[in-house]
Amino acid sequence: MSKSKSLVILPTYMEKKTLPVVLANVLSQEAADILVIDDNSPDGTGRIAESWAGRDPRVHVMNRPGKMGLGTAYVAGFLWGLERDYDCFIEMDSDMSHNPLDLPRFIAEIDKGADLVIGSRYIGGKISVVGWDFKRLLLSKFANFYASRILGSRLSDLTSGYRAFSRRALEQVAFDEVHSGGYAFQIEMAYNLCMAGMRVEEIPIVFTERASGSSKMSKAIIREAVWLPWRLRLRRINSSFIRRALGMKKKHEKTEQGG
Ligand SMILES: Nc1nc2c(ncn2[C@@H]2O[C@H](COP(=O)(O)OP(=O)(O)OP(=O)(O)O)[C@@H](O)[C@H]2O)c(=O)[nH]1
Ligand SMILES: [Mg+2]
């Protein structure tokens, strides 16, 4: 029995075929509540979520007026869960790419004291992905290599969207200042937690390409992810410059006080 009360956050945009399967699988196998965040999907995904919420008190729905991006959906979901008594916040795609059978392993790591648990497709140099063509694999591997090298990260899968956060992590890291839309949101959150000295763990997962519906990845999302590591690095240089400047000022003040 898990110590943590868990919330699975499912952002949806046009996922009417897969959402019911994901909801049924999550509900059947783990004592977690679910928050669906739908951005007024034209295919009626939000209404499907509403009807599940009407039948099962563990399912909640947040309807937003229009497509506002994955990152802001997670920020809204975290805020919603923090106002309630959840201790473990799990991000999961609604397109059946993430296996709900993995949920207990994420929750177990949070129970053991991890602040962020990343479901990694690339642990130990292996590639655990089903259904990607070579181009898609190359894009994901390159995105990870690129971001890790620039940020100096030891993590094998910075862009993975299957992950769990502890309450402590979300209370201490200013996640609402992160406005990235897609992969960049995942990179920035992992980076911010590492920089804050939080305990970040990776567990192996198998990622399965969506069988229906369509990807929401766009050129804008890729562009954002290309710039993000440089933006974060610049922020690090700026803050160490400011710290150094403040440190020097303090020394100076001390000398003056000391006389
Ligand atoms: N609420 C909301 N959900 C979104 C938005 N964009 C994507 N999603 C959801 O976020 C999850 C991940 O999006 P995908 O399109 O599958 O992106 P991906 O998994 O990175 O890309 P693929 O591998 O091509 O599927 C899915 O459940 C989407 O429905 C958005 O703007 N708003
Ligand atoms: Mg997907």
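Which residues of helix 1 are buried? In this predicted model, the buried residues of helix 1 are Leu19, Val22, Leu23, Val26 and Leu27. These residues cover an arc of only 120° around the axis, and therefore lie on the same side of helix 1. An α-helix has 3.6 residues a turn, so residues three or four places apart point the same way. The packing partners of the buried residues of helix 1 are strand 1, strand 2 (32–38), helix 2 (45–55), strand 3 (59–63) and helix 4.

The protein chain as a whole contains 8 helices and 9 strands. Its radius of gyration is 20 Å, close to the 18 Å given by the globule rule for 259 residues, so the protein chain is as compact as a globular protein of that length. The C-alpha trace spans about 75 × 45 × 35 Å along its principal axes. Of the 259 residues, 49% count as buried. Among contacts in the protein chain with a separation of 6 or more, 81% are between residues 24 or more positions apart. The exposed area of the protein chain is about 13200 Å², of which carbon and sulfur atoms supply 58%.

Salt bridges were then examined. A search of the whole structure finds 14 of them. One joins Arg210 to Glu15, with the closest N and O atoms 3.0 Å apart. Arg210 is located in the loop between strand 9 (207–208) and helix 8 (219–258), and Glu15 in the loop between strand 1 (6–12) and helix 1 (19–29), so the pair ties together parts that are 195 residues apart in sequence. Both Arg210 and Glu15 are buried.

Arg210 also forms a salt bridge with Asp95, at an N to O distance of 3.4 Å. This pair, too, links distant parts of the chain: Asp95 is in the loop between strand 4 (88–91) and helix 4 (103–111), and is 115 residues apart from Arg210, which is in the loop between strand 9 and helix 8. Asp95 is buried, as is Arg210. Glu15, Asp95 and Arg210 belong, with Lys216, to a network of linked salt bridges.

A further salt bridge is found between Arg167 and Glu171, whose closest N and O atoms are 2.9 Å apart. Here both residues lie in helix 6 (residues 167–172), 4 residues apart, which is about one turn of the helix. The two ends of this salt bridge are in unlike surroundings with respect to accessibility. Arg167 has a relative accessibility of 19% and therefore counts as buried, the cut-off being under 20%. Glu171, at 52%, counts as exposed because the limit for that class is over 50%.

On the surface, Leu139, Ile222, Val226, Trp227 and Trp230 make a nonpolar patch of about 480 Å². Helix 8 gives the most to the nonpolar patch, contributing 4 residues. Val226, one of the patch residues, lies in helix 8. With a relative accessible area of 35%, Val226 is partly exposed, because this value falls between the 20% limit for buried residues and the 50% limit for exposed ones.

Conventions:
Residues numbered from 1 in each chain as written. Chains lettered and ligands numbered in written order. Predicted model: local features only at pLDDT ≥ 70, side-chain atom pairs only at ≥ 80, totals over all residues. Heavy atoms only, no water. Salt bridge = Lys/Arg side-chain N within 4 Å of Asp/Glu carboxyl O. Helix = DSSP H or I, 4+ residues; strand = E, 2+ residues; numbered from the N terminus. Buried < 20%, exposed > 50% of the residue type's maximum accessible area, 1.4 Å probe, protein only. Patch = residues over 30% accessible without salt bridge, like charges linked within 9 Å, V, L, I, M, F, W, Y side chains within 5 Å. Areas by Shrake-Rupley, 256 points an atom, 1.4 Å probe, with all protein chains shown as cover. Arc of directions from axis to C-beta. Contact = heavy atoms within 4.5 Å. Rg over C-alpha atoms; globule rule 2.2 N^0.38 Å.
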